[in-house]
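Reader: I have a structure on my screen and would like to learn how to read it step by step. Could we go through it together, with the reasoning spelled out?

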Amino acid sequence: MANSTITDITEEDAADLQFPKDCPLNPTNNVDSDVELEVSVLKDESLASDSLCRMCRTVLTEPYIRCAVCANFDLCPSCFANGCEIHEHKNDHDYVIIRNEFPLIKDSDWTAKQELELLDIIQQCGFGNWTDVERRIQGKSAEECRMHYLQHYIDYQTLPGLPKIQETTASLFNCEPVPYMFKLRDLEEPPRFASDSTNVRLLAGYNAARSDFEVNFDNHAEMLISDLNFDEFQPDDEIYELGRALQAAVVEAYNNRLKERARRRKIIRDHGLMTFRKVISWMHRYESTITRPLTERLLVFMQLMDGMDFDFIMEGLHGAGVLRSRITKLLGLRENGLMRFHSVSMFKMLSKLRQENERERKQYLSNPEYSWRTLGPDSVAVGGPISVSAPRKPAPPLVIQGLPGYEKLNAEEKELCSVARIVPESYLDYKHLLLTENKKFGYLRLAQARTLLKIDVNKTRKIYDFLIQKGYIKKPSH
């Protein structure tokens with residue numbers, strides 16, 4: 001009877017509020033189940049980042065209903081329309097509709113919902129990626145998103161409660177600045193050349209220890225005007241005009257030497273040529289992409305631009321070389337049938353395993369105990385098997401992929417360099433020498449090739465025969 005009375009009262013209240021009573025989650029007669037469900041909902045909500053409906057436990061999205069009587073009790077519109085009740089909450093309690101379609105910032109056309117979307121999307125896409133932010137927020141352009149975020153969240157922080165970002169050296173530079181970024185032993189010693197050496201003349205007399213030009217370029221230029229006497233010619237002399245013109249010519253010659261001295265100083269300062277060793281080490285960066293010979297040929301353009309512009313050109317060529325190397329590796333993977341990047345790691349692992357197995361197989365075959373030659377009738381004697389000296393093993397092919405000059409070779413030249421164990425860049429230099437000599441005389445002998453190349457005779461023979469076969473050079477007719 002108690003249960004029926006509670007049910008009757010609930011139905012009367014629902015009739016007054018015009019709530020339907022067909023909610024399957026509505027409890028009827030089990031108070032313990034109400035408590036268990038309440039504890040379960042509270043536990044799930046404590047673990048979730050968003051508010052949950054107390055009845056169906058779905059994530060709430062605005063608008064939703066919040067009970068004005070019960071503390072922290074939210075319902076989705078569906079459960080509220082069904083008149084759901086649980087524990088102390090009744091469907092006749094006062095309620096508040098929670099919605100976020102209102103502006104948070106005065107005189108702004110951004111609603112609270114859009115503000116939350118903007119913060120979530122920036123956290124996902126990253127600050128500065130306004131193009132992707134625009135695609136995810138309806139009705140807002142990339143420029144509007146950028147200006148709104150910078151104005152209200154960074155520059156002025158319009159909303160109350162935002163953390164104040166104090167600009168410190170750590171926040172600006174991501175670390176505390178230190179007076180010296182390098183230890184003293186890491187610094188390069190300044191060049192100390194003899195005063196009469198070629199390097200001093202190339203550096204226009206710059207003394208790195210004093211950080212000044214101690215011995216100037218054309219250091220004896222002042223000798224031109226050292227004996228010049230301004231009053232040597234008087235107006236009443238017959239050669240007065242000629243003498244003054246000669247003096248002016250001498251002064252003009254001296255000024256030209258001073259201009260050349262200043263020009264050389266400016267070039268040395270602008271291009272950082274005082275650190276002579278660093279310039280040489282800087283060229284090593286481009287050996288695998290631009291190659292050393294091409295880099296040395298490009299150095300002539302340093303006199304036409306300053307150091308930053310020349311570095312920009314060199315870095316562009318270096319980037320192109322890196323891309324070529326990357327494309328070459330991708331083509332090699334494509335030739336092996338790989339179509340997806342996630343297969344590359346497996347392919348490299350299997351290739352390494354194959355090379356190890358191949359090396360073990362060669363070591364096994366080279367062992368005289370397991371050689372088939374020792375099992376023949378000729379190798380058997382009274383005293384046992386005859387020891388036969390094993391033939392010299394050929395060297396394994398050289399892996400030339402990615403080396404400087406690799407992309408300039410065709411397939412046949414790549415095979416030649418790999419088998420003959422010749423670096424592609426060296427092969428190109430050898431080829432250029434032999435072609436130049438062949439063009440000079442119209443033919444080329446093997447002895448001449450050996451004299452020019454000065455490398456292993458077998459490698460020279462392979463290069464010579466290959467160029468003869470491909471028609472690059474010709475043998476003598478007699």
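**Two helices in contact**

Author: Let us begin with a pair of helices, keeping in mind that this is a predicted model. On one side of the contact stand Tyr 427, Tyr 430, Lys 431 and Leu 434 of α16, and on the other side, in α18, they meet Ile 463, Phe 466 and Leu 467.

Reader: How do the residues of the contact of α16 with α18 divide into nonpolar, polar and charged?

Author: The residues from α16 include Lys 431 as well as Leu 434, and those from α18 include Ile 463. Lysine counts as charged, while tyrosine, leucine, isoleucine and phenylalanine count as nonpolar. The contact of α16 with α18 therefore divides, by these classes, into 1 charged residue, no polar ones and 6 nonpolar.

Reader: Are α16 and α18 oblique or roughly parallel to each other?

Author: Two packed helices are described by the angle between their axes and the distance between the axes. Here α16, which covers residues 424-441, and α18, which covers residues 457-470, have axes 11 Å apart and pack at an angle of about 60°. Angles under 35 degrees would count as roughly parallel, and 65 to 115 as roughly perpendicular. The two helices, α16 and α18, are therefore oblique.

Reader: Is the crossing in which α16 passes α18 left-handed or right-handed?

Author: The handedness depends on whether the near helix is turned clockwise or anticlockwise from the far one. For α16 passing α18, the crossing is right-handed.

Reader: Is Glu 437 buried or exposed?

Author: Glu 437 has its place in helix α16, and, leaving aside neighbours within four places in sequence, Glu 437 is in contact with Tyr 443, Leu 444 and Leu 452. Buried means under 20% relative accessible area. Because the relative accessibility of Glu 437 is 15%, this residue counts as buried.

Reader: How far apart in space are Val 250 and Leu 228, C-alpha to C-alpha?

Author: Val 250 is found in helix α10, which covers residues 240-270, and with 27% relative accessibility it counts as partly exposed. Once neighbours within four places in sequence are left aside, Val 250 is in contact with Leu 224 and Ile 225. As for Leu 228, it is 22 residues from Val 250 in sequence, and the C-alpha to C-alpha separation in space is 8.7 Å.

Reader: Which strands are the edge strands of the open sheet of 3 strands?

Author: The order of the open sheet is β2-β1-β3, and the pairing is antiparallel. Strand β1, residues 64-67, is joined to β2 by 2 bridges, and Ile 65 stands opposite Leu 75 in β2. An edge strand pairs on one side only, and this holds for β2 (74-75) and β3 (95-98).

Reader: What is phi of Arg 57 near, and what is phi of Arg 421 near?

Author: Most residues other than glycine have a negative phi. Arg 57 lies in the loop between α2 and β1 and is partly exposed, with a relative accessible area of 36%, whereas Arg 421 lies in the loop between α15 and α16 and is partly exposed at 35%. Both values of phi are positive: for Arg 57 phi is near 60°, and for Arg 421 phi is near 60°.

Reader: What percentage of the 478 residues in the protein chain do buried residues make up?

Author: The protein chain has 18 helices and 7 strands. Among its contacts between residues at least 6 apart in sequence, 46% join residues at least 24 apart. Of the 478 residues in the protein chain, the share that is buried is 26%.

Technical notes: Residues numbered from 1 in each chain as written. Predicted model: local features only at pLDDT ≥ 70, side-chain atom pairs only at ≥ 80, totals over all residues. Heavy atoms only, no water. Axes fitted to C-alpha atoms, helices over the stretch in contact; angles between N-to-C directions. Helix = DSSP H or I, 4+ residues; strand = E, 2+ residues; numbered from the N terminus. Parallel < 35°, antiparallel > 145°, perpendicular 65-115°, else oblique. Contact = heavy atoms within 4.5 Å. Pairing = 2+ DSSP bridges. Buried < 20%, exposed > 50% of the residue type's maximum accessible area, 1.4 Å probe, protein only.
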